[in-house]
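User: I'm a first-year student and would love a close look at one part of this model. Could you walk me through a single strand and then show me what lies around it?

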Amino acid sequence: MTVDTAPSVGSPMGARPAGRRPRITDGWGLLALPVAAYLLVVLIVPLVILLARSVTDPTLGIDHYRTIFASPTYTKVLLNTFVTAIAVTLVTLAIGFPYAYLMTLASGLWRNLLLVLVLVPFWTSLLVRSFALVLLLRDTGVVNETLQAIGLIESPIPLMRNFTGVLIGMVQVMLPFMVLPLYATMRSIDRRLLHAAEGLGARPAFAFWRIFVPLTKPGVLAGSLLVFIQSLGFYITPSLLGGPQNVMLGELIVQQVSNLLQWGFASALAVVLLAVTLLLLAIASRFVDIRRMFWREL
Amino acid sequence: MGLRSKRVAVAAVAALTAAVAGCGGDSSSGEKTLTVVMWGGSAQEAHVNSYITPWAEENGITVLQDQPTDYAKLRAQVEAGKVSWGIVQVEPNFAVTACREGLLEKIDTSVVDTSPLDPQFVSECAIPVLQYAFTIAYNTDVFPDDHPTSWADFFNVEKYPGKRGFWRSVTSGIFEAALLADGVPADQLYPLDIDRAFRKLDSIKEHIVFYDTGDQQVQLVASGEAPLVQAWNGRIFQAAQQGQPVANEWNEHFLSYDTVLIPRGYPNADLAQQWMAHFIYDLEGQAADAVASAFTPVNDEALALLDAEIAAELPTSAQNASQRAIVIDYTYWAEHYDQITERFNEWLASW
């Protein structure tokens with residue numbers, strides 16, 4: 001008794017009850033070792049170096065962080081980065097939700113077609129897509145010239161070098177990350193629940209709103225999180241389609257790394273971005289169970 | 001996440017692995033190779049084919065290539081003591097700051113005779129490799145008869161309506177152009193009055209658009225999106241040759257150049273120095289490159305080997321040189337690059 005005070009499930013070898021789920025302590029945990037080692041090398045170690053560099057390069061101290069928060073430029077760009085990421089997430093959700101719903105309604109060929117449409121962006125280089133959008137959206141681009149030719153507008157409407165351009169460009173890139181989790185969740189919802197609600201007297205719209213939409217919550221949250229986090233690191237699309245005021249933090253970090261060779265300062269900027277992101281996630285997790293929304297996915 | 005953290009991470013991991021592996025740097029001993037790194041694309045192809053490969057073949061040297069130049073990678077290699085880049089094309093201000101920080105090999109003047117070069121382009125660790133000009137590029141459909149011929153015109157949005165394109169970089173000549181347009185005499189331009197330059201830029205702010213690459217630059221002016229662009233002469237010339245409605249105005253152009261250098265600790269640094277010595281006198285190679293890439297030779301004698309038609313589109317031809325406003329002062333930029341970048345970012349963010 002004094003030796004084996006572990007919880008009773010830690011039964012002696014060979015006496016494992018049939019049907020019990022494998023436990024991490026049984027040696028199954030070794031399966032996670034390659035991934036853990038990989039993450040340690042490519043993620044944890046660089047992150048630690050990044051953190052260390054931000055307070056040691058070129059001199060020991062928190063000067064970089066003081067500079068960042070004292071400068072209106074960096075706080076403004078940081079704010080702009082989060083505002084952009086949030087706006088992209090909301091627009092992507094607004095467009096992606098009906099699209100994913102349509103995919104669950106469509107059958108066979110149509111569903112595959114919708115799936116391919118949403119996946120096409122994955123198969124084209126980001127730079128090519130962004131340049132193509134420039135050709136479409138600029139003042140002398142296809143959209144403006146067509147609208148002018150048919151007399152709908154007199155002078156070109158500014159579709160790029162502003163926030164509109166950034167949104168159009170980024171939403172297009174992010175749509176698959178929203179649609180796919182949404183679709184996965186929606187597909188697993190038992191549609192008989194809707195019939196049951198209607199059978200009990202609910203109108204279809206009411207049943208949809210009260211039964212179906214709440215059940216999509218895990219997909220909505222997973223998709224939103226994927227889109228939001230990825231949007232934070234964007235800079236090529238905003239730099240091509242946005243104006244000077246739409247610059248995101250990623251671009252300033254690249255500038256510090258590649259042009260100014262201020263790696264200490266670049267590290268500090270990256271740490272701030274990471275810290276604010278984690279902070280936002282911590283706040284979000286008070287309202288939703290972040291672990292659960294991925295759990296339910298699988 | 002984004003490319004952002006990846007690049008930092010890559011640099012960090014590279015530094016770490018090198019530190020773990022211990023001292024190195026004598027990798028390709030015995031074998032005669034020279035690794036050339038330039039800005040990439042068709043220009044790099046033209047440069048290497050014109051003045052590196054012929055020399056290498058003659059001397060039994062294998063040319064390896066990488067692209068594009070990345071200052072962060074260069075620094076990571078030198079700091080890790082594992083230098084694989086031999087000849088690297090960079091902007092002149094980087095050559096000055098990196099030399100001062102001890103990241104570069106010094107030019108061995110007992111091997112490399114720099115006397116045919118313009119002395120203001122030669123620094124302790126770098127020699128010029130090509131010249132080019134910042135010109136007023138304009139769309140010939142939008143301005144068929146009368147086009148801007150000075151930076152004052154370029155900033156005159158009433159007389160010449162339309163957007164103006166600038167390169168989004170502090171060494172793009174944007175400040176120099178603004179000050180000339182504001183009436184500062186060319187010979188009193190440096191040190192730049194940055195406040196005055198920003199005031200001038202503010203006056204046409206809503207007409208300014210920025211480009212980041214040479215392709216964007218040509219697209220802007222050729223499509224008429226920004227019928228006036230402060231541009232690189234060679235890009236505009238090539239676009240015009242392909243039939244696009246663009247042209248260079250040579251009046252008040254800025255002469256600029258790129259340099260080549262050797263990262264400190266490159267195992268075959270002596271080969272790199274030998275190539276530099278050869279290159280400076282390689283008139284045929286430089287002339288061939290001018291034809292292929294539309295950049296300008298650094299040895300003026302190479303001009304004599306070029307057709308008059310091509311020479312007319314180079315900033316160093318007698319006719320164009322007489323219309324030059326300034327030579328970009330990269331010693332100034334080496335000193336002020338960081339601060340002015342900071343202010344430029346601030347200005348852009350407050351757009």
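Analyst: Let's start with strand S5 of chain B, which pairs with strand S7 (residues 228–232) of chain B in the parallel sense, over two bridges. Within this pairing, Gly165(B) stands opposite Val229(B) in S7(B). Please keep in mind that this is a predicted model.

S5(B) has another partner too: four bridges join S5(B) to strand S6 (residues 208–211) of chain B, and these two run parallel. Here Arg164(B) is the residue that stands opposite Ile208(B) in S6(B).

Now look at S5(B) itself, which covers residues 164–167. Arg164(B) and Phe166(B) point one way, while Gly165(B) and Trp167(B) point the other way. That fits a handy rule: in a regular strand the side chains alternate between the two faces of the sheet. Each of these four, whichever way it points, is buried.

From the strand we can step back to the nonpolar cores. The largest one has 96 residues, and those with the most contacts inside it are Ile87(B), Ala95(B), Val221(B) and Leu261(B). Strand S4 (residues 126–139) of chain B gives the most to this core, namely ten residues. At least three residues come from each of domain 1 (3–130 + 257–316) and domain 2 (132–256 + 326–349) of chain B. To get a feel for the packing, zoom in on Ile87(B): leaving aside residues up to four places away in sequence, Ile87(B) touches Leu34(B), Val36(B), Val37(B), Val260(B), Ile262(B), Ala272(B) and Trp275(B). A second, separate core of 57 residues includes Leu50(A), Tyr74(A), Ala85(A) and Leu137(A). As background, in soluble globular proteins nonpolar side chains tend to be buried together.

Next, see where the two chains meet. The contact takes 34 residues from chain A and 27 residues from chain B. On the side of chain A that touches chain B, several helices supply at least two residues each, among them H1 (33–56), H3 (72–105) and H10 (217–232). H12(A) gives the most to that side, with seven residues. The residues of this side of chain A divide into 19 nonpolar, eleven polar and four charged.

For a last stop in chain A, find Phe163(A) in helix H7 (residues 163–187). Phe163(A) counts as partly exposed because it has 17 C-beta neighbours inside 10 Å, whereas a buried residue needs 20 or more. The C-alpha atoms of Phe163(A) and Gly27(A) are separated by 52 Å, and the two residues lie 136 residues apart along the chain.

Notes: Residues are numbered from 1 along each chain as its sequence is written. Chains are lettered from A and ligands numbered from 1 in the order in which they are written. This is a predicted model: local features need pLDDT of at least 70, side-chain atom pairs count only at pLDDT 80 or more; totals for chains, interfaces and linings use all residues. A residue is buried if 20 or more other C-beta atoms lie within 10 Å of its own, exposed if 12 or fewer, and partly exposed in between; C-beta atoms are placed from the backbone. Two strands pair if DSSP finds at least two bridges between them. Two residues are in contact if their C-beta atoms, placed from the backbone, lie within 7 Å. Ala, Val, Leu, Ile, Met, Phe, Trp, Tyr, Cys and Pro count as nonpolar, Asp, Glu, Lys and Arg as charged, and the others, Gly among them, as polar. A nonpolar core is a set of buried Ala, Val, Leu, Ile, Met, Phe, Trp, Tyr and Cys residues joined through C-beta atoms within 7 Å. Domain bounds come from an automatic or database domain assignment.
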